[in-house]
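User: I would like to go through the protein-DNA contacts and the cysteines of a model. Please keep the answers short.

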Amino acid sequence: MNGEFIYRETETDTTTTSSGGHQETCPECESDSLVADNVHGEVVCDECGCVVQTQQIDTGPEWSAYTHSESQEKSRVGAPLTRTMHDRGLTTKIDWKNTDAHGKAVSDRKRTQLRRMRTWQERIRTKDAGERNLQLALAEINRMASALGVPRPVREVASVVYRQALDRDLVQGRSIEGVATSALYAACRKENIPRSLDEVADVSRVERVEIGRTYRYLADELELEMRPVDPRRYLPRFCSELDLDEAVQQRAAAVLDEAADAGLLSGKSPTGLAGAAIYIASLDCNVKRTQKEIANVAQVTEVTIRNRYQEQLALVEGDGA
DNA sequence: AAATTAGGTTACGCGAC
DNA sequence: GTCGCCAAACCTAATTT
């Protein structure tokens, strides 16, 4: 039995008292529908509303858990776990044979009962497998998110994406880590806290190409509707890494705006575009950084910076700035 | 440092099977 | 589903300005 179930009846929940309690019927109306209110510590009669017993002990946990992993972490009860078994020894198996412990055939009534039990047991077991899978993935997502320094909301989104993938059986045949990484990458883009595929790959245990593949697959199947990253999103981070002030950043954003109007952004790597814009801006503002320096933080080559830079420069000069 | 050039690599979309 | 191919973007590396 999983300890979780015990805690489901706390907080605002009201549940009927167990038969082991002191009082089973209401002294006023003789009704037996007594209800324990664990929040207020009272036992009340559901029929007439009178309070039968006060100072009830709240048998629920003194902590609150909002997620599955949290409750796993905080709970101090439950069966001992072992990682050596695929289900950590928690679930029950029900044999398929319709015989009792002595090998005798069982009655029809028992047979249907057994069938129902098997069905539900299977449902519970597989659901649990999903939960375990999820826990692994979430741990991995958290680790990578920390390494990348992305804020909490991104992790939340990544978790949601992963859950969806799990629900729709998209993880089958793929590594948990691969899907987890892809979910995180997708979450970054969705939340507009862009990290390039390379950066994500650096903190992942999965190859870059697989992340890309899985990501596309997820985006497709889950209809995540991902649009290309706006290069402007990279400006704050890059500028800060290059020790450039706000003015340069604004100038770079203006350059990118123009480039966007001219339809220059399509198909190019956003980091390269951002880098080139920063290069132009740094020249404009007399705080020049070399192409090499910029190429470094943007994680593209100088050549790419150069190419984008030439394109964008033609624009900016073109309208006589 | 920046520009130019050449040649290699990669992921992507597409159609054929 | 995957195989083969193509075109575009990028990369590496060498050379010149």
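User: Of the atoms of DNA strand C within 4 Å of the protein, what percentage belong to sugar or phosphate?

Analyst: This is a predicted model, in which local features need pLDDT of at least 70 and side-chain atom pairs count only at pLDDT 80 or more, while totals for chains, interfaces and linings use all residues. Residues are numbered from 1 along each chain as its sequence is written, chains are lettered from A and ligands numbered from 1 in the order in which they are written, and side-chain values use heavy atoms, with hydrogens and water left out. Bases account for the rest of these strand C atoms, and the share of sugar or phosphate is 90%.

User: Which residue places an N or O atom of its side chain 2.5 Å from a phosphate oxygen of DNA strand C?

Analyst: The residues near strand C (one heavy atom within 4 Å of it) include Ser269, Thr301 and Arg308. A polar contact is a pair of N or O atoms within 3.5 Å; within protein, one must be able to donate a hydrogen and the other to accept it, and residues adjacent in sequence count only if both atoms are side-chain atoms. For Ser269 a polar backbone atom is 2.3 Å from a phosphate oxygen, and for Thr301 a side-chain N or O atom is at 2.9 Å. The side chain at 2.5 Å is that of Arg308.

User: Which side chain has an N or O atom 3.5 Å from a base nitrogen of DNA strand B?

Analyst: Tyr279 and Gln291 do not answer this, as their side-chain distances, 2.9 Å and 2.7 Å, are to phosphate oxygens of strand B. The side chain at 3.5 Å from a base nitrogen is that of Arg306.

User: Which element gives the most to the surface near DNA strand B?

Analyst: Helices (H or I, at least four residues) and strands (E, at least two) are DSSP runs, numbered from the N terminus. Those that give two or more residues to this surface are H6 (208-221) and H11 (302-318). With three residues, the element that gives the most is H11.

User: How many disulfides does a search of the whole structure find?

Analyst: A disulfide here is a pair of cysteine sulfur atoms within 2.5 Å. Cys285 is in none, and its nearest cysteine sulfur, that of Cys239, is 9.5 Å away. The number found in the whole structure is zero.

User: Is Cys188 buried or exposed?

Analyst: Buried means under 20% relative accessible area, exposed over 50%, and partly exposed in between (1.4 Å probe, protein chains only). Cys285, at 30%, is partly exposed. Because its relative accessibility is 0%, Cys188 is buried.
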